[in-house]
Amino acid sequence: MKKWIITTLVLAFLPFVIRNIRNNKTDFSDSPLTVTSGELKHIDLYSPEMNETIKVDVWTPDGYSKHVKYPVIYMHDGQNLFDANSTWNHQAWEIDSVMGKLIATDSIRPAIVVGVYSVDTTRLSDLMPEKPLKYLATDSIKTFIDKYMCKGLYRADEYLAFIVNTLRPVINENFSIDTTMQATSIMGSSMGGLISIYGMCEYPQVFGSAGCLSTHWSGAITRNDDFPEAMRRYLIESLPRTGKHRLYMDCGDKTIDSVYIPYFHAMNALADSLGYKNERLMTPFFPGHAHEERAWATRVAEPLKFILKK
């Protein structure tokens, strides 16, 4: 009888215990970063996929309401998005300022931005798409690229799995999110642009749009023609053909961006040939723009208006 009572009590309180354990793991705090509009929350979230804790910032717009379902954009290199005073080069995307102005002028739908911090020691390993490697012409090229990886490891698939399977449920549970594919986007620059288009290909049921700024088409190294060809072959097979996905790709012509120009034009033509046309594809070119956060801040309004079109 006593055992039955104890068992009943345990079963009765088990959901409460699980819920509290989960809440303890997803405890958001006010971010110490300064934003000019909206509110910024921070969380250190353990990733079982990557076996480490990842820092994440979540920006909500002014007037955020739990009674409204908001689109969401998952962005890479989250430490560079909001506050230039906190970054290594004193530059930031100024997402809070740009989003605030676009929302205030009724240019976009109010949205939530989730900034996933990169890990300095493993960034290349985390953002270098894995599956295109099978299209490389020779093993010697892969061996060459391996030298630029963290201990020869590739973790892009694990990184994306963290965003989709661990982070996204936490965001959906703690914020008022429109969880449909059409309202969920992924965006970044450089290697972040590369992992964004890869993410939409790998999870087409999750990400309806990809924003790719100054995409590092050459992969883990700056000058390399073999990986862009492998990526092209991968995209031919994997780029979603639902007629509902949208793709933004841009490029500047200064510093490292100058290397991307032929790849940029080739990938734009490829996307067009695969059915990404008109309102589903945007590919602006920005003369005079260098490969830096300052440049991305001046033009990030373009992909935001494209992705969050009213």
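Reader: How many nonpolar, polar and charged residues are in the lining of the largest pocket?
Author: In this predicted model, the lining of the largest pocket has 7 nonpolar, 9 polar and 5 charged residues.

Reader: What volume does the largest pocket have?
Author: The volume of the largest pocket is about 390 Å³.

Reader: And which residues lie nearest its centre?
Author: Of the 21 residues that line the largest pocket, Trp88, Arg123, Ser190, His291 and Glu293 lie nearest its centre. Helix 3 and helix 9 (293-299) are the elements that give two or more residues to this lining.

Reader: Turning to enclosed space, how many cavities of 30 Å³ or more are there?
Author: The count comes to 1 cavity of 30 Å³ or more. The largest cavity has a volume of about 40 Å³.

Reader: Which residues line the largest cavity?
Author: Its lining consists of Met50, Ile54, Tyr117, Ser118, Val119, Asp126, Leu127 and Tyr159. By class, this lining divides into 6 nonpolar residues, 1 polar and 1 charged.

Reader: Asp126 is of interest to me. Which residues does a salt-bridge network join to it?
Author: I shall come to that network after the individual pairs. A search of the whole structure finds 14 salt bridges. One of them pairs Lys131 with Glu202, with the closest N and O atoms 3.1 Å apart. Lys131 lies in the loop between helix 3 (123-127) and helix 4 (139-146), while Glu202 belongs to helix 6 (residues 191-202), so this pair ties together parts that are 71 residues apart in sequence.

Reader: Are those two residues buried, partly exposed or exposed?
Author: Lys131 counts as partly exposed because its relative accessibility is 35%. Glu202 is also partly exposed, at 24% relative accessibility.

Reader: Which salt bridge lies within helix 10?
Author: Lys305 forms a salt bridge with Glu302, and the closest N and O atoms are 3.6 Å apart. Both residues lie in helix 10 (residues 301-307), where they are 3 residues apart, about one turn of the helix.

Reader: Why does a spacing of three places suit a helix?
Author: An α-helix has 3.6 residues a turn, so residues three or four places apart point the same way.

Reader: What is the exposure of Lys305 and Glu302?
Author: Lys305 is partly exposed, with a relative accessible area of 33%. Glu302 counts as partly exposed at 26% relative accessibility. As for your earlier point about Asp126, salt bridges that share partners join Glu52, Asp126 and Arg155 into one network.

Reader: Which residue meets Arg294 in a salt bridge?
Author: The side chain of Arg294 meets that of Glu292, at 3.2 Å from N to O. Arg294 is partly exposed, with a relative accessible area of 48%. Glu292 is partly exposed as well, at 23% relative accessibility.

Reader: Let us change topic to the interior. Which residues touch the most other members of the largest nonpolar core?
Author: That core has 63 residues, and Met231, Leu235 and Leu247 touch the most other members. Helix 5 (residues 156-174) supplies the largest share of this core, 10 residues. Apart from it lies another core, of 27 residues, among them Ile95, Leu304, Ile307 and Leu308.

Reader: What is Leu247 in contact with, leaving aside its neighbours within four places in sequence?
Author: Leu247 is then in contact with Ile197, Met200, Ala210, Cys212, Ala271, Tyr276, Arg280, Leu281, Met282 and Phe306.

Reader: You listed Ile95 in the other core. Which helix has Ile95 among its buried residues?
Author: Ile95 is in helix 2, where the buried residues are Ile95, Asp96, Ser97, Val98, Met99, Gly100 and Leu102. Helix 2 (residues 95-104) is largely enclosed by the rest of the structure because 7 of its 10 residues are buried.

Reader: What covers those buried residues?
Author: The cover includes strand 3 (52-60), strand 4 (72-75), strand 5 (112-116), helix 9 and helix 10. Just after helix 2, Asp106 takes a positive phi of about 60 degrees.

Reader: Finally, how many helices and strands does the protein chain have?
Author: The secondary structure comes to 10 helices and 11 strands. Of the 310 residues of the protein chain, 55% count as buried. Among contacts with a separation of 6 or more, residues 24 or more positions apart account for 74%.

Note on methods: Residues numbered from 1 in each chain as written. Predicted model: local features only at pLDDT ≥ 70, side-chain atom pairs only at ≥ 80, totals over all residues. Heavy atoms only, no water. 1 Å grid on protein atoms, 1.4 Å probe; cavity = no way out; pocket = protein on both sides within 12 Å on 5 of 7 lines; lining within 4 Å. Points joined across faces, edges and corners; volume = space filled by probe spheres on them. Nonpolar A, V, L, I, M, F, W, Y, C, P; charged D, E, K, R; others polar. Core = buried A, V, L, I, M, F, W, Y, C linked by side-chain atoms within 4.5 Å. Buried < 20%, exposed > 50% of the residue type's maximum accessible area, 1.4 Å probe, protein only. Helix = DSSP H or I, 4+ residues; strand = E, 2+ residues; numbered from the N terminus. Contact = heavy atoms within 4.5 Å. Salt bridge = Lys/Arg side-chain N within 4 Å of Asp/Glu carboxyl O.
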